[in-house]
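Visitor: I'd like a close look at one part of this protein, the strand β6 and whatever it packs and pairs with. Could you walk me through that, and then out to the charged pairs around it?

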Amino acid sequence: MFIRSLRPSSAPPSLRCFSSSALNVLKAGDVMRQTRVFSEEDVFEFSKVSHDSNPLHFDSKVARNAGFEERLVHGMLVAALFPRIISFHFPGAVYVSQSLNFRLPVYIGDKVTGEVQAMSLKENKKKYIVKFKTKCFKNDEILVLDGEAMAILPSLAVEQEHSLD
């Protein structure tokens, strides 16, 4: 089993490997991660693209009146870590489905780690259909989001050396 991790988006793009596995081929049980901190700019730019201008993301008073500590990061922006992790390691992957359970809020400035774990792999017409367990943790320990994803991978070979940009 291997565990891969991408540095936060503010760090230089590079891959850190935490496994002694010599083969870079995806297997059931393998885990890949990326950690990042979502900024006010991230939330603003996402709202422009998604047209989601809910005041919970922009107005601290509204967020607090709704029972939150502070302004929220869009849940779908947090969930966007999953296809990013998969496409980083498997360029050309097609993301075909995702289920999501939003467990706890993510606030601007929180450190969030996205994690995908390969659960099952099936070959189909020289491509691979892979089911992933997906999770996001706040501050490395608090589960904020989970679900499952399905992706079609062009190969099970894990890419390591290319830019995150």
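Guide: Sure. Keep in mind that this is a predicted model.

Let's start with the pairing. β6 covers residues 127-138, and β5 covers 111-124. The two strands run antiparallel to each other, with twelve bridges between them. One spot to find on screen is Ala-118, whose bridge partner in β6 is Phe-132. On top of that, β5 pairs with strand β3, residues 31-37, again in the antiparallel sense, this time over seven bridges. There you can look for Gln-34, which stands opposite Gly-114 in β5.

Now go to the end where β5 turns into β6. The two form a hairpin with two residues between them. Lys-125 sits in that loop, and its phi is positive, about 55 degrees, although the residue is not a glycine. That is worth a second glance because most residues other than glycine have a negative phi. Lys-125 is exposed, with a relative accessible area of 74%.

There is a similar case past the other end of the strand. The loop between β6 and β7 (142-153) holds Asp-140. Its phi is near 70 degrees, so here too you have a positive value in a residue other than glycine. Asp-140 is partly exposed, at 48% relative accessible area.

Back in the strand itself, take Ile-129 as a stop along the way. This residue belongs to β6 and counts as partly exposed, with 26% relative accessibility. What does Ile-129 touch, once neighbours within four places in sequence are set aside? The contacts are Ser-120, Leu-121, Lys-122, Asn-124, Met-150, Ala-151 and Ile-152. Met-150 is a nice one to click on: 21 residues separate Ile-129 and Met-150 in sequence, yet their C-alpha atoms are 7.0 Å apart.

Phe-132, the partner of Ala-118, has a longer story. Leaving out residues up to four places away in sequence, Phe-132 touches Leu-26, Met-32, Ile-86, Val-116, Gln-117, Ala-118, Met-119, Gly-147, Glu-148, Ala-149, Ala-151 and Leu-153. Try showing those side chains together.

That brings us to the core. The largest nonpolar core has 27 residues, and the members that touch the most others are Leu-26, Val-78, Phe-132, Cys-136 and Leu-153. At least two residues of this core come from each of α3 (75-79), α4 (81-89), β5, β6 and β7. Which element gives the largest share? That is β7, with five residues.

From β7 we can step out to the charged pairs. The structure has ten salt bridges, and I'll pick a few. Asp-146 and Arg-103 join their side chains in one of them, at 3.1 Å from N to O. This pair ties distant parts of the chain together: Asp-146 is in strand β7, while Arg-103 is in the loop between β4 (94-102) and β5, 43 residues apart. Is Asp-146 buried or exposed? Asp-146 counts as buried, at 15% relative accessibility, whereas Arg-103 is partly exposed, at 48%.

Elsewhere, Glu-40, Arg-64, Glu-70 and Arg-71 are joined into one network by salt bridges that share partners. Within that network, Glu-40 and Arg-71 form a salt bridge whose closest N and O atoms are 3.3 Å apart. These two also link distant parts of the chain, with Glu-40 in helix α1 (residues 40-50) and Arg-71 in the loop between α2 (60-65) and α3, 31 residues away. Arg-71 counts as buried, with 16% relative accessibility.

For a local contrast, stay in helix α1. Lys-48 and Glu-45 meet there in a salt bridge at 3.4 Å, N to O. They are three residues apart in α1, so about one helical turn separates them. Lys-48 is partly exposed at 46% relative accessibility, and Glu-45 is partly exposed too, at 34%.

If you want one residue to come back to, make it Phe-132: Phe-132 pairs with Ala-118, and is listed with the core members that touch the most others.

Notes. Residues numbered from 1 in each chain as written. Predicted model: local features only at pLDDT ≥ 70, side-chain atom pairs only at ≥ 80, totals over all residues. Heavy atoms only, no water. Helix = DSSP H or I, 4+ residues; strand = E, 2+ residues; numbered from the N terminus. Buried < 20%, exposed > 50% of the residue type's maximum accessible area, 1.4 Å probe, protein only. Contact = heavy atoms within 4.5 Å. Core = buried A, V, L, I, M, F, W, Y, C linked by side-chain atoms within 4.5 Å. Pairing = 2+ DSSP bridges. Salt bridge = Lys/Arg side-chain N within 4 Å of Asp/Glu carboxyl O.
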